[in-house]
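This report covers strand pairing and core packing. Have the sequence and coordinates open while reading.

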Amino acid sequence: DYVGQNIWVAFRYNMDVSVDGYFVHLDDVEVSNPIGIIPISTETPMHYNLKQNYPNPFNPVTNIEFDIAKTGNVNLIIFNTLGQVVTTLVDQELKPGTYRYDFNASNLPSGSYFYRLTAGDYVKTNKMILVK
């Protein structure tokens, strides 16, 4: 629901100075350039397409770009070489357009991984290499 929108989070955190000796006041936190899915174009592509990630090999962030031809549920999943699901990046309904997912793999070990896009009848898997 919030793809491509700015989201503001504001909160206050107070402690009892007489007990803890500290006082913290934090307001208006903005997260800019978050890692995640970003719509690149709203033009309707003719076909579904999963592009090669860039850069490849990468450390620790890579971009995965894909085209969606029809509105529907889209899954973008990362697998290890054993075929085990490492993480699900996208599992939601997307409108037609071109999207980019900035994948941060800083918590994964070096190695080869696969990413699979499933949308409607379209299924495609590509390989990516994480080098630390």
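## A hairpin and its turn

The model is predicted. In the hairpin of S6 and S7, five residues lie between the strands, and Gly83 takes a positive phi near 85°.

S6 and S7 run antiparallel, joined by eight bridges. Within this pairing, Leu76 stands opposite Val90 in S7. Leu76 appears again below: it is among the residues with the most contacts inside the largest nonpolar core.

## The four-stranded sheet

Which order do the strands of the open four-stranded sheet follow? The order is S3-S8-S5-S4, and the pairing is antiparallel. Its edge strands are S3 (37–41) and S4 (49–50). Each of these pairs on one side only.

S5 and S8 pair in the antiparallel sense, over eight bridges. One bridge can be picked out by residue: Glu65 has Arg100 in S8 as its partner. As a general point, strands of a sheet pair through backbone hydrogen bonds, either parallel or antiparallel.

## The nonpolar core

How many residues make up the largest nonpolar core? The count is 24. Phe66, Leu76 and Phe103 have the most contacts inside it.

Which elements give two or more residues to this core? They are S5 (61–68), S6 (72–79), S7 (85–94), S8 (97–104), S9 (111–119) and S10 (122–130). S9 gives the largest share, four residues.

The hairpin strands S6 and S7 are on that list. So are S5 and S8, which also pair with each other in the antiparallel sense.

How values were computed
Residues are numbered from 1 along each chain as its sequence is written. This is a predicted model: local features need pLDDT of at least 70, side-chain atom pairs count only at pLDDT 80 or more; totals for chains, interfaces and linings use all residues. Side-chain values use heavy atoms; hydrogens and water are left out. A nonpolar core is a set of buried Ala, Val, Leu, Ile, Met, Phe, Trp, Tyr and Cys residues joined through side-chain atoms within 4.5 Å. Buried means under 20% relative accessible area, exposed over 50%, partly exposed in between (1.4 Å probe, protein chains only). Two strands pair if DSSP finds at least two bridges between them.
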